Structure formats: C-alpha cells, structure tokens
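Welcome, and thank you for taking a look at this one with me. Please open the sequence and the model side by side before reading on.

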Amino acid sequence: MSSTWSRFFNRKSKCRFESLPEEIIVDEIISLLHVRDILRLRRVNKTMCMLTKKPAVWKRLLPHIPNIQQPLAPLPPTKMYNLKNLTSHDMETIVTRAFTYDKRWKDGVIRPWSISGGLTHYNILEMVLLPGGHFLVSSVLTAIGDYGIAIWSMDHPATQRLAPLIFRNTEVKAYGIKARYMKVLGEKGISIAFLRKWHKVKEDSRFVPETFELGGKGDQEDPYMPLKYECTTLRVSLETIELLTDRNVKPKTSEFMRRIVAARASLGTDGDLFNVVSRIRTATQLGGVSLDVINGDPHVCVLKRPNTIVFERLRDCVRSVLECRPTETASPHSTWNFRVLPDQNEVLVIRNVEKVAPEMETDWIIIQLFRIPTEGQTINVSPTSGTFVIRKAYLNVQVSEIQRTLPFEDDDSVTPSLMENKPPQPLSIFCRTPYGFAHHSIWPEETQLPPSSSHTPHQSLHSTGENTPIRKRRHFIYDVQKVKHTFFCCNGCKSLSPDLEESSKDHSGKEIQMRFLPGASRAVILEIPTNYKSTRPPILRCYGFQYVGEDMTSHLDNANAEADEAEVEQALIAGHGSSDQIAARIIHPTLDIPVRELEDTSIGNIRLHEDVTKEVVKGVSAVCFDEDTGRLAFATPRDKKLHVCDFSFVRFRDEDDNAITKMMDDAIKIHDQSSAE
C-alpha cells in the first residue's frame, strides 16, 4: 500500500496525485473518505490542505447531520446562514462540531477540546447562551457601579474571539435571564427577558435580598419586606447584530464605532439599540421566566408566586393569567417551575405540596398540565389531565427548554432544511435532594392533529411532486402519566423505582449541594460546598449528564454502507417515515462516528483545564451551558475573565478560508447583479 501511494505523492513521479483535476479529487475521491480521513488528508501538503477546505467537501455532508444523536446546533435565523451564504469554514464547523461533540460526551472522562474566552472588564452576575452558542447575554456590574445587560459575540467573525457588542443600563441587578431568537412585529431579533426588584419605599436602607437560585424553597423571600418586582423584556434586531458582526470589521475600531452610531441614528430611539417590548410589574414575588411562541405569537411568561402564571403577548402587550387550583389535599401548594407546551396548548406545572395532611410523610412534588388561557382572559382552573405525584421532598427543580429555535417558516438559515424531520426533544426535569438528584423525563409522542386545532404544531416539509414544498403538520404531546425517572445518589449509585421511595434510602449519608445547567439530553451538574449560600460559590466538581432513550448512533456501525446522497436529501425533504427509520436505512459512509454502548442515563466526570480549575474553586459569579454546541462558560470575579470550555472541535479560520470566502462573496455579487439586470 505504501509503495502504491508513494507513486502518487513522490515529486519525481510523473503520475502524481496532485496532477489529477481538482474536480476528480474533490468529487470522486474525497467524497468517499470518512471525516477523520479528510482531516488527515489535509496534513499531507498545502495542495491537499486547500482542497479539503472547498465548500463542496463539506456541503454534501450537511444533509446527514440529523442522523447523529445530538441535534444540529441551531444557527442564527438569518440569510447570512442559509445554504447560499454559508462559507466553507462555516459548513466544516457544523459537521466537525456535531460529530466531535457527540464522541467526546460519550467518554468516561469528559475533557474539553479547547479553552477560550478572555477579559470582560465587567463583573458578570448572570449569563445565558443563545441556542447555537453564537451569542451570550449577561447581567453585568460595571467598574463604576452601573448594572446592565450586555450582548457578546462568542466568536466574532472578524477576530474569532470573544467581543462585547451592546450594553444597556438596567438601574438595578437583572436576574432570571432568558434569551432566544424571536420574531416580533415582523422583525427578527434577540428577545431578552429578566427580573428586577426594588424596595417599595425609597427611604428603606436595607439590602435587597439576593436570589441565589430560582425553582425551589431557597428563592422564597420574606413576605414582610415590602418589595416591588418587574419582569422586563427587551429586543434588539438581528439587522443590528449582523451589522456589528461583519467579518470585515473588527470590534473596537473606528469603523465598528461608526456602525454603532449609524444603527442608533437609524432607530431613532435616543441612542438605545434595545426596544422595551414588555413590562410586568407587581408587588408579588416573581419566579421563573420563559419566552415562548404560542399560537404563532411571541409571548413572555412569568411565574407569580405562589400559583399564578402571567402570559403577555409581545406584539401588543395583551395579558392573560392562569391561576392553578390546588389538588384535593388541604396542604399549601407552591409552584416551583413551569414549561409552556405550545403544541398541545398546555402548561406543564411543577408544584411543591407541603407536609400538612396526615397521609403525607414528607413534602410531595406534583407534575400537572393546565390549559393556556386565551388572550386577555383570566382563568382559575384545575389540571386538564391526571396528576403525577412524587412522594418525596426536593430542594430545587430545574426544567429543560422545549422551544429553542424560531418556527421553521420564520427561519432563513439552513437549520429548517436539516432538522425538519426531527421530533422535539424530551422534556428533562432535574430535582435536587440533600443526597443526590432525580432525573424525570417525558418523551414526546406523535398524535393525530385535532381538526379544529388553532395552535401551531411542530412542522416539517414534504414534497407534493411540484417544485414548491408545503408544510406537513405534525402534532406532538407530552403525557405526564408516562414519566420515566432515575435517582442518582452522591456515591455514584443509580436506582430505578416507580415512586423513588426505596431509591432515596440507599445513599451514602453524605450531604452535597448541586446546581443544574439543564438540557433535554445533556446537562452539566456542578457540585458546590454544602449549605453554601452566595452569589459566588466555588465549584468543587463538574459532571456531564447524558440521557438517551435510544442510541440514535447505533446505525453508524457499518462504516462501509453504500448510500446515494441524492436519495438521502430526497428522504430528508420528503419526510417518509420517522427520522430514526430514515437514518437506519440511509446513511453516508463519511460520517464515521464510533459507536459506544450507552445506558439510558449516564454521568461522567468533566475534567477541566488546570488553569480553569484553579479559578473556579475560588468562586464563580455566573455559569451557563449550551447543550446544542457543548459550550460551558464560567465567569470568575477574581480575575474578571470568561472561561469558555468547548467540548466540540472547531478549527480557526486561516488565510485559505479567507480566500475561499472572498471568491464566494464575489460570485454572489456577480450573480445578484446579473439577476437585477
């Protein structure tokens, strides 16, 4: 074999591999290689390095990304990320990020591929990554003592580094932040919802109590301290974000500042790039916040203690209220968390029932479904279906997100065409106990769509035999009576039990305190000192949690499977059969992902870089995790740095990529000019 290859790569040979036409190498040879072999071929010489960066090499792999267990990381929903405008480096990043993240998270010891970040010059108090990990939204405290909201580009296209984009003053600390891409009044942008609180009496000199963690007993405040609360929703347009993330303009340059001034002038909002689209004010304590699309309209939803959920439509601020009635027991009920389920026009509510009734040995957790009120309506109702009861006391409950992307019809990126046939993610509920935690999961089930249904279901494309595809309506529901649960003790044991009573008794007796960064299939669990109440807790250990109802990569064991790329693309568009059925019968040989037998749930130790470990054990002011890309970020107040641990491999853009991108831009300009003429 070596002598055969030497004839191709020997410089003195007349039959050199590089002498073949570029089309033959790219379309006929590289197209048969595995991803790992493409990356190895890149190391042979400069010619091969350049050829393996061609758009055609990676573009043909995009339709096969949905076959991987972990869903495709969402892209910003703009035309900059559609198939026409995606650069070769962007496409390569999508492919390599998908399969390296999938492989790395299945290792017994989970190690980051890379560490990035840098100085922030702010004290970051809380932060959240937008789906896809391109942007970060944070609550900050400046050096002069001003509180505000800041938006960051995680990998600015001009520098490939962390860069601040926009800042807005919030007067007091913003907490409970949620952020996602939404379309409000016909304009796509980033919507940011957060909570604030003040003293009712300005002369009150007492400290406003800190909120350490939402979703449990710990965030219930003293009712005798008079405070006023506000849930604020801001929006910044994606046009403004694109203007500030131009790959030809570096941050902090004169051209960058000129663009900010031009954006402010075009908006005419007194220099504010943010628009305030909603304010919900009350004297009652507010809890968790959610941003959701209900019946095609964007809403902000907020928990009003103890058992009320307020919905406000962002386009016209029409408000509706859901008051959750207690169950038959006379014990006090308190809602800890909730999640809106738009496909079934219901809200999943998780409530704590205090031990008062004689039949109760301890507090209970109940999971219920309530219908979403119509616009402008206030309802006081009982659950729409049965109640799932967990006869066990928990300290905190966190729930994964259901809606992480725009509706497909509003998304101009390549994401809808790649993810049309994927069903929604499972709903994961993480409950903390003094001796471990419990994981409860509800998988979506596809059902017949009611003929009179008015809400917008999960949608996918299918072909009618004509050139224009139409929407195929698919309806998924979450049934609280089909909850699967697993209890994890702090000594590493795992138990399955219908009611978790016996599971919780077999623990090591050691109390620990955990914080969850929840995800549908993957999550990060942080261990902090027991009974440690602080906004800057030290992180003692990190764990990576994985939940798989079925190993979706099991069909990849046949690396030599033959498949026609056109057949794959047609199958993904046509939507014949479920996504796992399509994946099982059609798979491209170049997606070579090692298969590893997995249990339904598994936990692995996350081994951070030594420099990061030294900082996080001294205290962390904020932490966030993006399940889609495998990015874990820590904000350390001691050095005012943001440490970003990336569990997927991403190659830095180089001069070859810039040259290819310039050629693509020139070709697009010529095409647009000819089309205009």
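The numbered points below go through a helix, its aromatic surroundings, two loop residues and the cysteines.

1. A word on the source before anything else. This is a predicted model, so please read the distances and angles below as values computed from it.

2. Let's begin with helix α6, which covers residues 88-105. The helix has 18 residues and reaches 26 Å from its first C-alpha to its last, close to the 26 Å expected at 1.5 Å a residue. Helix α6 is mostly covered, as 16 of its 18 residues are buried. In general, an α-helix has 3.6 residues a turn, so residues three or four places apart point the same way.

3. Now look at tryptophan 105, which lies in helix α6. With a relative accessibility of 3%, under the 20% cut-off, tryptophan 105 counts as buried. The structure holds 11 aromatic pairs. In one of them, the ring centres of tryptophan 105 and phenylalanine 625 are 5.7 Å apart; their planes meet at 25°, so this pair is stacked. Phenylalanine 625 belongs to strand β32 (residues 622-626), and the two partners are 520 residues apart. Phenylalanine 625 is buried, as is tryptophan 105.

4. Tryptophan 105 has another ring partner, phenylalanine 647. Here the centres are 5.3 Å apart and the planes stand at 85°, so the pair is edge-to-face. Phenylalanine 647 sits in the loop between β34 (641-646) and α13 (655-676), so this pair ties together parts that are 542 residues apart in sequence. The relative accessible area of phenylalanine 647 is 0%, so this residue is buried.

5. It helps to view these rings together. Ring pairs join Tyr101, Trp105, Phe625 and Phe647 into a cluster. Tyrosine 101 also has a charge over its ring: the charged end of arginine 522 sits there, 4.8 Å from the ring centre. Arginine 104 offers another example, with its charged end over the ring of tryptophan 113, 4.2 Å from the centre.

6. Is threonine 245 buried or exposed? At 6% relative accessibility, threonine 245 counts as buried, although its place is in the loop between α7 (238-244) and α8 (254-267). A polar atom of its side chain lies 2.8 Å from the backbone oxygen of isoleucine 241. Beyond its neighbours within four places in sequence, threonine 245 is in contact with Phe135, Ser153, His156, Pro157 and Leu165.

7. Proline 383 is another loop residue to visit, found between β18 (378-381) and β19 (388-390). Its relative accessibility is 24%, so proline 383 counts as partly exposed. Which residues does proline 383 touch, not counting those up to four places away in sequence? They are Gln368, Leu369 and Phe370. The C-alpha atoms of proline 383 and leucine 369 are separated by 5.3 Å, with their positions 14 residues apart along the chain.

8. Finally, the cysteines. How many disulfides does a search of the whole structure find? The search finds 0. A disulfide is a covalent bond between the sulfur atoms of two cysteines. For cysteine 301, the nearest cysteine sulfur is that of cysteine 231, 9.2 Å away. Cysteine 301 has 0% relative accessibility and so counts as buried. Cysteine 49 is buried too, with a relative accessible area of 17%.

Notes:
Residues are numbered from 1 along each chain as its sequence is written. This is a predicted model: local features need pLDDT of at least 70, side-chain atom pairs count only at pLDDT 80 or more; totals for chains, interfaces and linings use all residues. Side-chain values use heavy atoms; hydrogens and water are left out. Helices (H or I, at least four residues) and strands (E, at least two) are DSSP runs, numbered from the N terminus. Buried means under 20% relative accessible area, exposed over 50%, partly exposed in between (1.4 Å probe, protein chains only). Contact means heavy atoms within 4.5 Å. Rings of Phe, Tyr and Trp (its six-membered ring) pair if their centres lie within 6.5 Å; planes under 30 degrees apart count as stacked, over 60 as edge-to-face and the rest as tilted. A charge sits over a ring if NZ of Lys or CZ of Arg is within 6 Å of the ring centre and within 35 degrees of the ring normal. A polar contact is a pair of N or O atoms within 3.5 Å; within protein, one must be able to donate a hydrogen and the other to accept it, and residues adjacent in sequence count only if both atoms are side-chain atoms. A disulfide is a pair of cysteine sulfur atoms within 2.5 Å. The expected span of a helix is 1.5 Å times one less than its number of residues.
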